[in-house]
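Here is a short report on one strand and the salt bridges of a protein model. Look at the structure first, then read on.

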Amino acid sequence: MQLGEKIKTLRLAMNLTQENTAQKLFISRQVLSNWECGKSYPDLEKLLAISQLFNISIDTLLKEDTNLQSHIIKQSHYKKYIGFFLLYCYSFVGLLVMLCASYAFLNLSVTMKTTDVNFLNSHFESTHTKDDTLYIYGDLVPFFASYQGDWSLQTTEKNITISMHRTRVPRAENHVQLTLKKDKKHGFDWSNKDIYFSDGTHKTLLYDASKKKLTFTFPETNQGGISND
């Protein structure tokens, strides 16, 4: 006996109409009619509902109906493939999100610490007997660090303080070069001002105005003192 015939027989044995049975199974009467006529088959979830409604095992419902058995197997394979496909999509999206987050994190600009840079050399370039330009060179120490030329300065009556920023991109550009041009109009004049590199907490002396001396000059490679001023 085919599944549709079994459902009809069980329904009539309980004196149920197609409308009553459809309501109990939360389906339309037309869907139930198609099942009973063999035009379509219920899925696994509805098979379980049918077995509970008529108090009959799923094995008994499937027995003798080879078409239904084949349909269930195909449906099971289809759901398995869909599951694998969705898992692949979720994994791909998750990986893409992680890559985007990592890219944003690595390229986020952070304040360069005094311990992040090893100053190697500095020198003045003079024009008309005046020191008009100061060049400062160094290398970044951390592996996950890259310098993109992002720096700023603050001037006071006695000091010029330079601050720099870096990203966490590994070794994209680990050379630091500053080109500072004298600008008396905006207070950027090292004639009587010390020059420091600062991270907000510590600072490194780059130029001592009282001694008219650069801290880092070739061939010296040692770093200047760090203070907590």
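Which residue stands opposite Arg166 in E5? Val110 does.

This is a predicted model, in which local features need pLDDT of at least 70, side-chain atom pairs count only at pLDDT 80 or more, and totals for chains, interfaces and linings use all residues. Residues are numbered from 1 along each chain as its sequence is written, and side-chain values use heavy atoms, with hydrogens and water left out.

**Strand E5 and its partners**

Helices (H or I, at least four residues) and strands (E, at least two) are DSSP runs, numbered from the N terminus. Two strands pair if DSSP finds at least two bridges between them.

E5 covers residues 159-166. Strand E1 (residues 110-111) pairs with E5 in the antiparallel sense, over 2 bridges. Strand E4 (residues 151-155) is also antiparallel to E5, with 5 bridges. Here Leu153 stands opposite Ile162. E4 and E5 form a hairpin, and 3 residues lie between them. Strand E7 (residues 194-198) runs parallel to E5, joined by 4 bridges. In that pairing, Asn159 stands opposite Asp194.

In a regular strand the side chains alternate between the two faces of the sheet. E5 shows such an alternation. Ile160, Ile162, Met164 and Arg166 point to one face and are buried (under 20% relative accessible area, with exposed over 50% and partly exposed in between; 1.4 Å probe, protein chains only). Asn159, Thr161, Ser163 and His165 point to the other face and are not buried.

**Salt bridges**

A salt bridge is a side-chain nitrogen of Lys or Arg within 4 Å of a carboxyl oxygen of Asp or Glu. The count by this rule is 3.

| Pair | N to O distance |
|---|---|
| Arg11 and Glu36 | 2.8 Å |
| Asp116 and Arg166 | 3.0 Å |
| Asp189 and Lys182 | 3.7 Å |

Take Arg11 and Glu36, joined by a salt bridge. Arg11 lies in helix H1 (residues 3-13) and Glu36 in helix H3 (residues 29-37), so the pair ties together parts that are 25 residues apart in sequence. Both Arg11 and Glu36 are buried.

Arg166 of E5 forms a salt bridge with Asp116. This pair links distant parts of the chain, 50 residues apart. Asp116 sits in the loop between E1 and strand E2 (117-127). Both Asp116 and Arg166 are buried.

In the pair of Asp189 and Lys182, Asp189 is buried, with a relative accessible area of 14%. Lys182 counts as partly exposed, at 25% relative accessibility.
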